[in-house]
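Biologist: I'd like to learn how to read a protein model, starting with contacts between charged side chains. Can you walk me through it?

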Amino acid sequence: MTPVPDRPAYLRIADTLREGIRDGSLPPGTRLPTLAALCDLHGVSEIVVRQAVALLRGEGLVETRRGGGTLVRAVPPARRVAMERYRAVAEPAAVPETTFTRDQKIAWEEYRLDREFSRVRADDDLGALFELPSGTELLRRRFVFYAREEPQQISVNYLPWDVVGDTPVADPAREPWPGGTLAQLAYLGYPPTRVEEAVRSRMPTPEEAETLNMAGGVPVLAITRRMLSRAGVMEVCREIVLPADRVVLDYAIDL
């Protein structure tokens with residue numbers, strides 16, 4: 001029988017550290033031994049240890065802080081997000097809320113929204129999603145959602161300019177709007193009757209990772225959404241971007 005070659009040293013070191021992280025002997029927030037200490041412990045060069053740590057960083061298990069060494073990353077518990085949230089927010093509420101505040105279980109005062117509004121024309125993809133000709137004028141809104149001052153979500157959504165132009169919905173100073181886009185469309189006379197979502201996973205762009213304070217190696221869930229009323233497609237969100245380690249998407253189908 002041909003002998004199985006030994007695994008490379010950096011993989012063996014990464015296996016040992018990974019096992020410690022997963023079995024709890026290296027709990028979140030623990031600082032890993034220094035490079036020098038790991039070199040002595042495993043009898044390898046510094047470059048081998050750096051390879052092992054880089055592998056764990058790429059898996060999202062550790063993070064390196066300037067002047068603070070390499071720490072086991074604390075992963076927040078994932079919040080569960082269900083399609084039912086749209087129906088719940090569409091109903092009258094005693095206090096201001098949106099789908100985001102319900103998902104995060106936060107009060108209105110703990111919610112913050114960064115926003116950028118601009119007037120654009122639909123490209124071929126947006127035109128197809130809206131079922132409108134390319135070049136149709138749209139309102140583009142880019143939002144960064146914060147819960148308790150922590151960035152949690154990015155979304156870029158579009159609304160037909162001939163519907164929202166010169167209305168309060170096109171005024172960034174009116175954000176955040178209680179009830180969110182659902183309430184805005186109802187205000188404009190187009191209450192949504194259907195919500196469609198398409199979900200895919202991908203790696204974040206550098207800008208997304210920085211905005212959402214993401215660790216290396218963590219993918220995002222990217223959701224393309226359409227809100228329809230009986231008059232047609234009234235909103236396209238391309239995309240809602242969520243760190244994949246912070247959310248679980250729940251879907252239920254009544255049969």
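Modeller: Sure. A salt bridge here is a side-chain nitrogen of Lys or Arg within 4 Å of a carboxyl oxygen of Asp or Glu, and by that rule the count comes to 21 salt bridges. Keep in mind that this is a predicted model, where local features need pLDDT of at least 70 and side-chain atom pairs count only at pLDDT 80 or more, while totals for chains, interfaces and linings use all residues. Residues are numbered from 1 along each chain as its sequence is written, and side-chain values use heavy atoms, with hydrogens and water left out.

Biologist: Let's take one. Which residue forms a salt bridge with glutamate 137?

Modeller: Arginine 121 does, with the closest N and O atoms 3.9 Å apart. Glutamate 137 sits in strand E5 (residues 137–147) and arginine 121 in strand E4 (residues 111–121), so the pair ties together parts that are 16 residues apart in sequence. Those labels come from DSSP runs numbered from the N terminus: helices are H or I with at least four residues, strands are E with at least two.

Biologist: Is arginine 121 buried or exposed?

Modeller: We go by relative accessible area: buried is under 20%, exposed is over 50%, and partly exposed is in between, using a 1.4 Å probe and protein chains only. Arginine 121 counts as exposed at 57%. Its partner, glutamate 137, is partly exposed at 28%.

Biologist: What about arginine 142: which side chain does it meet in a salt bridge?

Modeller: That one pairs with glutamate 207, at 2.6 Å from N to O. Glutamate 207 lies in helix H9 (residues 206–211) and arginine 142 in strand E5, so this bridge ties together parts 65 residues apart in sequence. Arginine 142 is buried, with 13% relative accessibility, whereas glutamate 207 is partly exposed at 40%.

Biologist: How far apart along the chain are arginine 200 and glutamate 239?

Modeller: First the contact itself: their side chains meet in a salt bridge of 3.0 Å, N to O. The pair links distant parts of the chain, with arginine 200 in strand E7 (residues 194–202), glutamate 239 in strand E9 (residues 232–243), and the two positions 39 residues apart. Arginine 200 is partly exposed at 45%, and glutamate 239 is buried at 14%. Bridges can share partners too: Glu131, Arg194, Glu196 and Arg226 are joined that way into one network.

Biologist: Now for empty space. How do I read a pocket or a cavity?

Modeller: Rolling a probe the size of a water molecule over the atoms shows where empty space is left. On a 1 Å grid over the protein atoms alone, a cavity is a set of points where a 1.4 Å probe fits but cannot get out; a pocket is an open set with protein on both sides within 12 Å along at least five of seven lines; and lining residues have an atom within 4 Å of a point. Grid points are joined across faces, edges and corners, and a volume is the space filled by probe spheres set on them. The largest pocket here has a volume of about 620 Å³.

Biologist: Which residues lie nearest the centre of the largest pocket?

Modeller: Of its 23 lining residues, Met83, Tyr86, Arg87, Arg194 and Val195 do. Helix H4 (84–90), helix H8 (180–187) and E7 each supply at least two residues of that lining, and the largest share, five residues, comes from H4. By class, the lining has 14 nonpolar, two polar and seven charged residues. Nonpolar means Ala, Val, Leu, Ile, Met, Phe, Trp, Tyr, Cys and Pro; charged means Asp, Glu, Lys and Arg; the others, Gly among them, are polar.

Biologist: And how many cavities of 30 Å³ or more does the structure hold?

Modeller: One. About 370 Å³ of space lies in the largest cavity. Its lining has 32 residues, with Thr99, Phe145, Gln153, Thr181 and Arg225 nearest the centre. Among those 32 are 17 nonpolar, nine polar and six charged residues. H8 gives the most to this lining, with four residues. In H8, Gly180, Thr181, Leu182, Gln184 and Leu185 are buried. After H8 comes glycine 189, whose phi is positive, near 95°.

Biologist: Last one: which domains does the chain have?

Modeller: Domain bounds come from an automatic or database domain assignment, which gives domain 1 (9–72) and domain 2 (79–250). Their centres, taken over C-alpha atoms, are separated by 38 Å.
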